[in-house]
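Thanks for asking me to look this one over. Here are my notes, written to be read alongside the structure.

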Amino acid sequence: VGAFYFQGPAPTLSGLAPARGPLAGGQTVHLQGSGLRVVAGGLPTVLVGGQPCTGVAADPAGSTAATGLTCTLPAGAALGSVAVVVTNWDQTTVTLDGGYSYQGPIPTVSWRSPAQGPCGGGTALVLVGTGFRAGVTVTVAGSPCTLMASNGTFLNCTTPAGLAASTAVVVITNSDGTNATTDFAYYAVGLSPVINRLTPSSSNQLAAASIIVTGSNFRAGLTLSVGGLTCPGPAVTASRIRCTPARPRRGLLRARGCDGHQCGRHDGHPDPGLHLHRDGCPCGRGRLALHHQP
């Protein structure tokens, strides 16, 4: 004669925390739901991807509230999402499809080039790092960066259009949900640089000081020379250039764009002679020369 028992309400399962982890398993997870009955001599069983999740216990420990369990995950058979099945001692059961995801190593980004490009898009963006797997995708400010080539440590994609004068988040996402981020700056195409201020304003202050040029539409790749000598390692942002010149020189400063139109002027005090230019300006424009006038 078979045993007979009354069943309680069917359990529910709302989720696991964490909901993803390494393929090797070994993580302790917390299962949240209702009707997860823990009684003396009767513990639920938990299967993750068809394999037992071991060490099942009430969560919090000793609780009979039937709303939580903990267990230690088995190793996964492959990357991706798997079902989680909880069965009470009275054989009531619940299945949460895709309740847990096995992931590979988290990708990293160690280098990207260039750091910025025109707001119209079309820049060939190179990303170097680790953990890029088959099926990887790249977005810039939420829009797809069209993938041209990839392997485990290298990605090459074409940037979408973006908002001028903005810094966009670049997200590299593997098919298992692991991701890494970096950034990319958009600039407006064809805008000539504008000079607003040069500090200091007298050449006799330059012997042991830095030059700071403030304005707008400066871009990475600018080089700066003082009195015909390169000012090494300029720090460039969209509105500021800073570097320490090799030696001082006196004169007036005038700025002209590469199309011959004056884009700014700073004079009235003895200033260092400067020459500032950028190769590869979009549309052949944007070259800036700060001409020394003794």
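The points below go from the whole chain to one sheet, one loop residue and the aromatic pairs.

1. First, a reminder about the source: this is a predicted model. The protein chain has 0 helices and 28 strands, so you will be looking at strands and the loops between them, taking helices and strands as DSSP runs.

2. On the chain as a whole, 41% of the 294 residues count as buried. The accessible surface comes to about 14300 Å², and carbon and sulfur atoms account for 57% of that surface. Among contacts between residues at least 6 apart in sequence, 58% join residues at least 24 apart.

3. One sheet is worth tracing by eye. It is an open sheet of 4 strands with antiparallel pairing, in the order β1-β3-β7-β6. β1 (12-17) and β6 (54-58) stand at its edges; each has a single partner strand, so one side of each is left without a neighbour in the sheet. On average, and with direction ignored, neighbouring strands of this sheet are turned by 25° against each other.

4. How many bridges join β6 and β7? The two strands pair in the antiparallel sense over 3 bridges, with β7 covering residues 68-72. To find the register, look for Ala 58, which stands opposite Leu 69 in β7. As a reminder, strands of a sheet pair through backbone hydrogen bonds, either parallel or antiparallel.

5. Next, please look at Gly 35, in the loop between β3 (28-34) and β4 (45-48). Is this loop residue buried or exposed? Gly 35 has a relative accessible area of 18%, and because buried means under 20%, that value falls on the buried side of the cut-off. Leaving aside neighbours within four places in sequence, Gly 35 is in contact with Pro 11, Ala 66 and Asn 88. Thr 92 is 57 residues away from Gly 35 in sequence, with 9.2 Å between their C-alpha atoms.

6. Finally, the aromatic rings: a search of the whole structure finds 2 aromatic pairs. Why is the pair of Tyr 100 and Tyr 102 edge-to-face? Their ring centres are 5.2 Å apart and their planes stand at 80°, and planes over 60 degrees apart count as edge-to-face. Both partners are buried, Tyr 100 at 1% relative accessible area and Tyr 102 at 2%.

7. Phe 184 and Tyr 186 form an edge-to-face pair too, at 5.3 Å centre to centre and 85° between the planes. Phe 184 counts as buried at 0% relative accessibility, and Tyr 186 counts as buried at 3%.

Definitions and conventions. Residues are numbered from 1 along each chain as its sequence is written. This is a predicted model: local features need pLDDT of at least 70, side-chain atom pairs count only at pLDDT 80 or more; totals for chains, interfaces and linings use all residues. Side-chain values use heavy atoms; hydrogens and water are left out. Rings of Phe, Tyr and Trp (its six-membered ring) pair if their centres lie within 6.5 Å; planes under 30 degrees apart count as stacked, over 60 as edge-to-face and the rest as tilted. Buried means under 20% relative accessible area, exposed over 50%, partly exposed in between (1.4 Å probe, protein chains only). Contact means heavy atoms within 4.5 Å. Accessible areas come from the Shrake-Rupley method with a 1.4 Å probe; for residues, only the protein chains shown count as cover. Two strands pair if DSSP finds at least two bridges between them. Axes are lines fitted to C-alpha atoms, for helices over the stretch in contact, and angles run from 0 to 180 degrees between N-to-C directions.
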